[in-house]
Amino acid sequence: DGYYWLAESLYALKDYNGAIAAYQKVEKIAPEYQYADYVQYSLGCAYFDLGKYALALSPLERVIKDYPNSALIAYAHNKLGEAQYKLGKYSEALEQFNYLKTNYKEGDFLADIQYWSGESFFNLNKFTEAVEVLNKFVATYPKNPLMPLAYAKLAWSNLQLKNYKAAKEGYTKGIEFDAKNAKVREAIPSI
């Protein structure tokens with residue numbers, strides 16, 4: 001128990017390298033530890049938080065494969081999808097996000113997966129799907145902090161589909177939502 005709680009403390013202090021070392025010690029000393037699913041999930045999150053997305057994949061996949069009844073399954077799918085997205089594996093990320101949308105009707109991650117699904121379609125140049133998903137996002141989560149970026153991606157997708165009126169509306173709403181958001185301003189191409 002000592003190394004596990006040390007790891008949790010280090011993680012809370014954002015000492016991710018220290019947390020990883022302590023989680024790995026738990027794995028080595030007690031592979032059948034009662035919180036083994038939490039060890040794997042937290043290990044994946046620590047790698048993710050360090051920007052080591054490829055290293056995050058394996059522990060998150062282990063949670064899903066080895067602990068199918070864990071309370072962390074949904075969170076593992078979500079974080080796995082985020083890591084795959086960060087690695088440019090958009091189709092794989094969509095698989096995780098679609099699993100969550102299909103199997104979970106409630107959860108604090110639903111808004112994020114809706115947005116990241118739209119982003120994934122956008123990055124796959126599937127603009128019709130991106131518009132569909134992002135329209136649902138902006139309609140369902142109007143106060144979400146990702147809203148300005150959603151409008152920018154929605155507008156750009158509509159621009160690619162030659163839906164100019166919808167593109168203009170998306171850019172205008174994104175700017176109205178957060179005129180100071182540099183990412184929105186950067187996302188606005190000169191038309």
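Let me start with Gln 40, which, leaving aside its neighbours within four places in sequence, is in contact with Glu 27, Pro 59, Leu 60, Arg 62, Val 63 and Tyr 67. Please keep in mind throughout that this is a predicted model. Gln 40 has its place in helix α3, and with a relative accessible area of 6% it is buried, since the cut-off for that class is under 20%.

From Gln 40 I would like to move to the largest nonpolar core, which has 26 residues, and in which Tyr 4, Tyr 23, Val 39, Tyr 41 and Val 63 touch the most other members. The elements that give two or more residues to this core are α1, running from 2 to 12, α2 from 16 to 29, α3 from 36 to 49, α4 from 53 to 66, and α5 from 73 to 86. Which of these helices gives the largest share? That is α3, with seven residues. As general background, nonpolar side chains in soluble globular proteins tend to be buried together.

Tyr 23 is worth a moment of its own: leaving aside neighbours within four places in sequence, it is in contact with Tyr 4, Ala 7, Glu 8, Tyr 11, Val 39, Ser 42 and Leu 43. Apart from the core I have been describing lies another one, of 17 residues, and among its members are Ala 111, Val 131, Leu 146 and Ala 150.

Ala 150 takes us to helix α9, where it is one of the buried residues. The helix covers residues 147-160, and at 1.5 Å a residue its 14 residues should span 20 Å, which agrees with the 20 Å between its end C-alpha atoms. Is α9 largely enclosed or largely open to the outside? Ten of its 14 residues are buried, so the helix is largely enclosed by the rest of the structure. Those buried residues are Met 147, Pro 148, Ala 150, Tyr 151, Ala 152, Leu 154, Ala 155, Ser 157, Asn 158 and Leu 159.

Just after α9, Lys 162 takes a positive phi of about 65°, and that brings me to two other residues with positive phi values. Lys 14 is not a glycine, and yet its phi is positive, at about 65°; the residue lies in the loop between α1 and α2, and at 60% relative accessibility it counts as exposed. Asn 125, again a residue other than glycine, has a positive phi near 60°. Its place is in the loop between α7, residues 110-123, and α8, residues 127-140, and with a relative accessible area of 54% Asn 125 is exposed.

On either side of that loop we come to the aromatic residues, of which the structure has 16 pairs by the rule used here. In one of them, Phe 122 and Phe 127, the ring centres are 5.7 Å apart and the planes stand at 75°, so the pair is edge-to-face. Phe 122 and Phe 127 are both buried. Elsewhere, ring pairs link Tyr 85, Tyr 90, Tyr 115, Trp 116, Phe 137 and Tyr 141 into a cluster.

I will finish with the charged residues. A search of the whole structure finds five salt bridges, and I will go through three of them. In helix α5, Glu 82 and Lys 79 lie three residues apart, about one turn of the helix, and their side chains meet in a salt bridge at 3.6 Å, N to O. Are these two residues buried or exposed? Both Glu 82 and Lys 79 are buried. Lys 79 also has its charged end over the ring of Phe 48, 4.2 Å from the ring centre.

The second bridge joins Glu 169 and Lys 173, whose closest N and O atoms are 3.2 Å apart. Being four residues apart in helix α10, residues 164-177, these two are separated by about one helical turn. In general, an α-helix has 3.6 residues a turn, so residues three or four places apart point the same way. Glu 169 counts as partly exposed at 43% relative accessibility, and Lys 173 counts as partly exposed at 33%.

The third bridge is formed by the side chains of Asp 66 and Lys 65, at 3.7 Å, N to O. Asp 66 is partly exposed, with a relative accessible area of 40%, whereas Lys 65, with a relative accessible area of 68%, is exposed.

How values were computed: Residues numbered from 1 in each chain as written. Predicted model: local features only at pLDDT ≥ 70, side-chain atom pairs only at ≥ 80, totals over all residues. Heavy atoms only, no water. Expected span 1.5 Å × (residues − 1). Buried < 20%, exposed > 50% of the residue type's maximum accessible area, 1.4 Å probe, protein only. Core = buried A, V, L, I, M, F, W, Y, C linked by side-chain atoms within 4.5 Å. Contact = heavy atoms within 4.5 Å. Phe/Tyr/Trp six-rings, centres within 6.5 Å; stacked < 30°, edge-to-face > 60°. Lys NZ or Arg CZ within 6 Å of the ring centre and 35° of its normal. Salt bridge = Lys/Arg side-chain N within 4 Å of Asp/Glu carboxyl O.
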